[in-house]
Amino acid sequence: MKKSLLFLICCTFCIGSLFSQKKMPQKQVAKKQMPQKQKLYTAKCTTLRDDLKSPTAAVDTTPGRNIANNYAMWDNATELTVKFMNSGSQFMRERVMQYSKEWEQYANIKFKFVPDNTPVTNMRILLGEGFGHNSYVGSDANDISQSKQTLNLDTLAFVSYDYYIAEMKRRGIKPNMVDLKKMAATEPVVWNNREMRGVILHEFGHALGLMHEQSYPGAINWNTDTVYNYYKRVQGWDKRKVDNNVLKVANQFYTNGTSYDPKSIMHYSVDAWQTKDGYSLPANYDLSSGDIALISALYPKDKKISVLEVPKVTISNFQKLDVENNSTRQGISMYPSFDLKTNSKLGEVYVVAMLVDENENYVKDNNDSYNWGGYVAAYPKLLLLPNSQVSYNKAGKRDLELFIPYSEIPVESGKKITFSLRVAVHDVANNQLIYVMNRYIDTPVSITK
Ligand SMILES: [Zn+2]
């Protein structure tokens with residue numbers, strides 16, 4: 001396995017062709033003309049981690065993260081700090097703040113919008129152009145650099161009556177109100193902000209940990225060939241990407257005992273030609289009663305802890321991985337330094353260090369010892385009490401060692417290796433192994449057997 005695949009492991013993704021035809025007035029505004037009805041841009045909810053970096057990036061393959069990712073829930077009653085990445089008009093910022101806060105009525109969570117220059121925040125919004133709409137799922141945002149956005153809203157896809165007038169004013173242009181009203185009447189959900197509100201609710205749903213409802217097991221009987229062709233033609237996606245983002249069915253666990261909810265804001269529209277049985281759904285623009293019930297259970301207002309809470313650990317302040325050839329014990333010793341915090345459940349945590357050879361492949365294991373999924377690794381298990389906070393290999397201490405004897409490393413002496421360091425939580429009750437940290441340590445170390 002190439003090490004490039006390492007980076008796909010703990011990502012989150014989903015896509016949704018939630019909203020379709022949009023119009024963008026900017027060019028017309030510049031020419032002091034009314035916008036013509038034409039399809040200039042189609043925005044999709046792509047909520048793929050890599051799509052936050054590039055609209056053409058590869059897609060992740062992590063299974064079983066749908067409906068609600070219980071392992072990416074924020075702590076209940078958290079006040080999430082949110083800032084804009086020096087982007088977007090005041091009008092658009094106000095809509096984002098206004099609509100996102102609808103979730104607060106039902107979830108015991110607050111979005112606290114803070115100034116753009118706030119150095120550390122939980123969420124960061126880019127009101128950009130061309131990246132589509134997408135968001136990291138829940139607390140996965142913790143893993144993202146403070147210099148990067150965690151949620152994209154694509155303003156190319158937003159046109160509304162208010163926005164259009166505000167934009168014209170900003171540019172010193174007097175709109176022709178008669179023509180504008182005619183235009184707005186052609187697609188009311190677009191021009192009356194309803195669609196924009198729906199997109200914002202949907203993306204903030206992801207930011208709270210929700211996934212696409214169309215992944216509910218058994219929900220959609222997809223006409224796969226047609227869907228492949230469609231996404232190939234419209235998005236340029238290969239089959240793998242379509243599989244991962246459109247056709248993937250969630251693990252039943254992540255449904256949290258809910259029923260399939262076709263009215264969920266997290267469901268995207270389905271055309272009849274996409275399904276074998278002609279099933280279709282219009283786009284949803286409002287929170288459904290199912291959305292409200294699920295988010296209320298995940299973030300209960302009347303309890304400190306949700307009944308749906310699962311074991312979860314948060315990694316922070318990762319500093320480095322010290323690696324040494326240990327001639328006395330004939331092996332390599334690794335000392336990662338980081339802080340780890342558990343939630344209200346007992347945490348069974350594995351710290352996994354895998355080796356990467358000079359060809360950028362994981363070093364394959366040839367026996368059952370030091371074997372993590374077929375690859376050579378050290379993976380000590382830590383048992384942590386609920387609500388505990390621990391630092392490892394900090395302040396001059398060496399209190400967590402990952403050791404692999406040379407006899408278990410099929411790499412010639414003198415060759416260089418690099419490392420993949422992961423942290424995984426084992427949810428024993430639900431039989432789930434969830435990666436919460438995944439880093440590639442590219443400082444090479446020579447094996448000196
Ligand atoms: Zn989405």
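Reader: Which residue in E13 is the bridge partner of Gly 347?

Author: Good place to start! This is a predicted model, in which local features need pLDDT of at least 70 and side-chain atom pairs count only at pLDDT 80 or more, while totals for chains, interfaces and linings use all residues. Residues are numbered from 1 along each chain as its sequence is written. In strand E13 (strands, E, are DSSP runs of at least two residues and helices, H or I, of at least four, numbered from the N terminus), the partner of Gly 347 is Leu 384.

Reader: Over how many bridges do E10 and E16 pair?

Author: Two strands count as paired if DSSP finds at least two bridges between them. E10 is antiparallel to E13 (residues 381-384) over four bridges, and two bridges join E10 to E12 (residues 375-378), also antiparallel. With E16 (residues 416-427), E10 pairs in the antiparallel sense, and the number of bridges is nine.

Reader: Which residue in E12 stands opposite Ala 353?

Author: It helps to look at a bridge to another strand too: Val 352 stands opposite Arg 422 in E16. On the E12 side, Ala 353 faces Ala 378.

Reader: How many of the 10 residues of E10 are buried?

Author: A residue is buried if 20 or more other C-beta atoms, placed from the backbone, lie within 10 Å of its own, exposed if 12 or fewer do, and partly exposed in between. Across the protein chain of 449 residues, 39% are buried. E10 (residues 347-356) is mostly covered, and its buried residues number eight.

Reader: Which strand gives the most to the largest nonpolar core?

Author: A nonpolar core is a set of buried Ala, Val, Leu, Ile, Met, Phe, Trp, Tyr and Cys residues joined through C-beta atoms within 7 Å. The largest one has 82 residues, with Ile 125, Leu 208, Ala 353, Met 354 and Phe 419 making the most contacts inside it. The top contributor, with seven residues, is E10.

Reader: Why does this core lie between domain 1 and domain 2?

Author: The domain bounds come from an automatic or database domain assignment. The core lies between the two because residues are given to it by both domain 1 (3-298) and domain 2 (313-446).

Reader: Which residues does Met 354 touch, beyond those up to four places away in sequence?

Author: Contact here means C-beta atoms, placed from the backbone, within 7 Å. With near sequence positions left out as you ask, the list for Met 354 is Tyr 362, Trp 372, Tyr 375, Val 376, Ala 377, Phe 419 and Ser 420.

Reader: Which side chains of E15 are buried?

Author: E15 (residues 402-405) pairs with E9 (residues 331-342) in the antiparallel sense over four bridges, and Ile 332 stands opposite Ile 404. Side chains alternate along E15: Phe 403 and Pro 405 point to one face and are not buried. Pointing to the other face, the buried pair is Leu 402 and Ile 404.

Reader: Is Met 177 buried or exposed?

Author: Met 177 sits in helix H4 (residues 177-186). Its C-alpha is 9.0 Å from that of Ile 165, 12 residues away in sequence. Because Met 177 has 9 C-beta neighbours inside 10 Å, its class is exposed.

Reader: And is Glu 195 buried or exposed?

Author: Glu 195 lies in helix H6 (residues 194-207), with its C-alpha 8.6 Å from that of Asn 284, 89 residues along the chain. Since 25 other C-beta atoms lie within 10 Å, Glu 195 is buried.

Key
Contact = placed C-beta atoms within 7 Å.
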